[in-house]
Amino acid sequence: MKRSKEYNLNNAEMGMGTFNRGFEGDNNGVSEVQPRSPNGAITGQKVEGIPEERQQWDRPIEFLLSCIAMSVGLGNVWRFPYTAYANGGGAFLIPYLIVLFLIGKPLYFLEMSIGQFSSKGQVKVWKMSPIFKGVGYGSAFGTACVLSYYCSLMAITVYYFIQSINTKLPWAVCNPEWESHNVTCLDDNTAISPENRSIPELYFKIDVLREKDSIEDGLGMPDWRLSLCLFFSWAVILVSLIKGVKSAGKVAYFTALFPYVVLIILLIRGVTLDGAWDGISYFISPQWEKILEAKVWQAAISQCFFSLSVGFGPIIGFSSFNVFSHNVYKDAMIISLTDTFTSLLAGFTIFAILGNLAHTLGVDVKDVVGSGPALAFASYPLAISKFEFLPQLFAVLFFLMLFTLGVGSATSLAGGLITIIHDQFPKCSKKIITTAVCFIGFLLGLVYVTPGGQWMLELVDYFGASFVIYVMATIEVIGIIWIYGLNNVCRDIEFMLEKDVKKVGVYWKFCWGIFIPIVLIAVLIQSLIGIKDGVTYKGQPFPTGLLVFGWALAIFAILLIPICSVHAILTRKKDTFMQKLKQSFEPTDDWGPVDPALRKKWDDISEQTSGPHFFVSWIQSFKRLLRKNNCS
């Protein structure tokens, strides 16, 4: 189909292109052109002009290392080992690798591709189908929730790192002051407590968190020590991001590589200890009967999903700073495999040392295994405290590694939020935006370093992060693949990576078009069903007020989708509601490569290859049905 008004390449190159920021409501002093749908038809909606030159990575390796640092985080060290152990041991690797192959890797490649193709962040990327822009804001909200508590965990690692320098590790000695908590110290190494907790567990709960057994009377005031550690954590993030990807790329050399050095050192030390192989055997021994349990497969999806950080948005944001033809296909393969390798390496390392702890205490391995933060701040510190040779050195290395992993992931999450804000307000200094995001993040994080902070962490993670990200990721895939169109996605990838990907294969089309949407919808339904069981903290129900707050977080995030959809529909430049609705599903004219020469070439290809829009086809079929039945 020929367009009635040609794209003026010369004007665009001279900065005179007549575009604007379409559905985002930005004017920026530019005028209006006739936009088009994927098949070249004029739609009449406003669009934006050639944007300012976008910052790019100095070297491709910096992008790769930043993505590795983002995907490889605290969860690989304390979440994967326990998840694998609790869901079939070695047998868990089968569903995990299948999920990685059919969901994790394809989603990672998809998000990388659309970010790089459009040179836009997770909100602006929805110029491909404006009615879905609420997904970008919703996932950003979920990312903000995760980031708010993630940095509080980093603060705890900073505190433990400082305490590791002591001549005697404080979590290895019973503190007589714990008597006020019904703890009796028989000697330095033995404590009697109501719940038979170990000394490191008591230290973590009483001395570090100063945790309350109930928050009916409020969360309490922030602990000044953890507050300073939290401030330090955010300061490191600020320094890492202050110059955008220029500084973040340099930091990634350390945050992506140093953890492997420490893990290998700890693994070598671990396997030389008595009982280490018993621990490793406990980790990998398969329980084949568990493969048939649905919860094991759901755990595999959850682990793969949140480990790779798909659905959160930073992958799209990071990729948007690449050169247009960068081989993200190769990067997606490397990162997905590296993430899995890291999880396995961490599992072997953790269980080797826990095996030694079980051997030293004369108990079974299962009796010393904790989950989540308890594994990092209780079980593992206890194991390190039993080392005969320089336990302080290994404690310093371990907590420095944890902090480094945290910095890599946190800078990525914060960077994604900064990209969204800067894309929306390009005239605002990125340094000011970065400083504001970090300062607000610090203030929000203070709630997690109160005596009731772990209650809040559990609540925000449940309502504001996990559930929200599942919803957003599901709708994201539907919007990209079923609405914008699988064929259009494949066409764009083939155009962008013509030197590396001649043709998008059946494997990718099957995963994107059928398998991933169906599985994510099923998982989302299962999550909705699971909500009826409620959320608790260590088996205790939350106060009604906090539950209301949690539901408010989830509802606010979900409502962003219909609110933004209504805005997208009402701001279309059409006369009737149905025309506005149809247009809101179609790409704006500035969707596509930002480089004028590439844009002209892509325009020519898209006019020849684009078929009817998914939603347009549905509307046309519906109208034909109405006419056939004399209803219109």
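# Why we call it that: a chat about one model

Modeller: Let's start inside this predicted model. Helix α7 has these buried residues: I199, P200, L202, Y203, F204, K205, I206, D207 and V208.

Biologist: Why is helix α7 described as largely enclosed by the rest of the structure?

Modeller: A residue is called buried when its relative accessible area is under 20%. Nine of the ten residues of α7, which spans residues 199-208, are buried, so the helix is largely enclosed by the rest of the structure.

Biologist: What do the buried residues of α7 pack against?

Modeller: They pack against α6, β2 (190-192), α8 and α14. After α7 comes R210, with a positive phi near 50°.

Biologist: How much of the whole protein is buried?

Modeller: Buried residues make up 60% of its 632 residues. The protein has 22 helices and four strands, and it exposes about 25,900 Å², of which carbon and sulfur atoms supply 63%.

Biologist: Now to charged pairs. What makes R59 and E62 a salt bridge?

Modeller: The test is a side-chain nitrogen of Lys or Arg within 4 Å of a carboxyl oxygen of Asp or Glu. For R59 and E62 the closest N and O atoms are 3.5 Å apart, so the pair passes the 4 Å cut-off.

Biologist: Which of the words buried, partly exposed or exposed fits each partner, and why?

Modeller: Set each value against the cut-offs. E62 has a relative accessible area of 0%, which is under 20%, so E62 is buried. R59 has 45% relative accessibility, which lies between 20% and 50%, so R59 counts as partly exposed.

Biologist: What is the distance between E62 and K250, and what does that make them?

Modeller: Their closest N and O atoms are 3.1 Å apart, and the two form a salt bridge. This pair links distant parts of the chain, with E62 in helix α2 (residues 60-71) and K250 in helix α9, 188 residues apart. K250 has a relative accessible area of 37%, so this residue is partly exposed.

Biologist: Which residues are linked in a network of salt bridges?

Modeller: D58, R59, E62, K246 and K250. Across the whole structure, a search finds 13 salt bridges.

Biologist: D589 and R599 are next. How do you know which label, buried or exposed, they deserve?

Modeller: D589 has a relative accessible area of 2%, under the 20% cut-off, so D589 is buried. R599 has 3%, again under 20%, so R599 counts as buried too. The two form a salt bridge, with the closest N and O atoms 3.7 Å apart. D589 sits in the loop between α20 (577-584) and α21 (596-609), while R599 is in helix α21, ten residues apart.

Biologist: Let's look at a helix pair. How do helices α8 and α9 pack?

Modeller: Helix α8 (residues 224-241) and helix α9 (residues 245-271) pack at an angle of about 115°, and their axes are 6 Å apart. In this contact, V239, S240 and L241 of α8 meet S247, A248 and V251 of α9. The residues divide into four nonpolar, two polar and no charged.

Biologist: And on the surface, why is F439 called exposed?

Modeller: Exposed means over 50% relative accessible area. F439 has 52%, so it counts as exposed. F439 lies in helix α16 (residues 430-445), and together with I440, L443 and L444 it makes a nonpolar surface patch of about 410 Å².

Biologist: What stands out about the phi of N182?

Modeller: Its phi is near 65°, a positive value in a residue other than glycine. N182 is in the loop between α6 (133-163) and β1 (184-187). Its relative accessible area is 58%, over the 50% cut-off, so N182 is exposed.

Biologist: Why does L390 get the label "partly exposed"?

Modeller: Its relative accessibility is 42%, between 20% and 50%, so L390 counts as partly exposed. L390 also has a positive phi, near 45°, and is a residue other than glycine. Its place is the loop between α14 (373-385) and α15 (391-424).

Terms used. Residues are numbered from 1 along each chain as its sequence is written. This is a predicted model: local features need pLDDT of at least 70, side-chain atom pairs count only at pLDDT 80 or more; totals for chains, interfaces and linings use all residues. Side-chain values use heavy atoms; hydrogens and water are left out. Axes are lines fitted to C-alpha atoms, for helices over the stretch in contact, and angles run from 0 to 180 degrees between N-to-C directions. Helices (H or I, at least four residues) and strands (E, at least two) are DSSP runs, numbered from the N terminus. Contact means heavy atoms within 4.5 Å. Ala, Val, Leu, Ile, Met, Phe, Trp, Tyr, Cys and Pro count as nonpolar, Asp, Glu, Lys and Arg as charged, and the others, Gly among them, as polar. Patches are made of residues with over 30% relative accessible area and no salt bridge: like charges are joined within 9 Å, nonpolar side chains (Val, Leu, Ile, Met, Phe, Trp, Tyr) within 5 Å. Accessible areas come from the Shrake-Rupley method with a 1.4 Å probe; for residues, only the protein chains shown count as cover. Buried means under 20% relative accessible area, exposed over 50%, partly exposed in between (1.4 Å probe, protein chains only).
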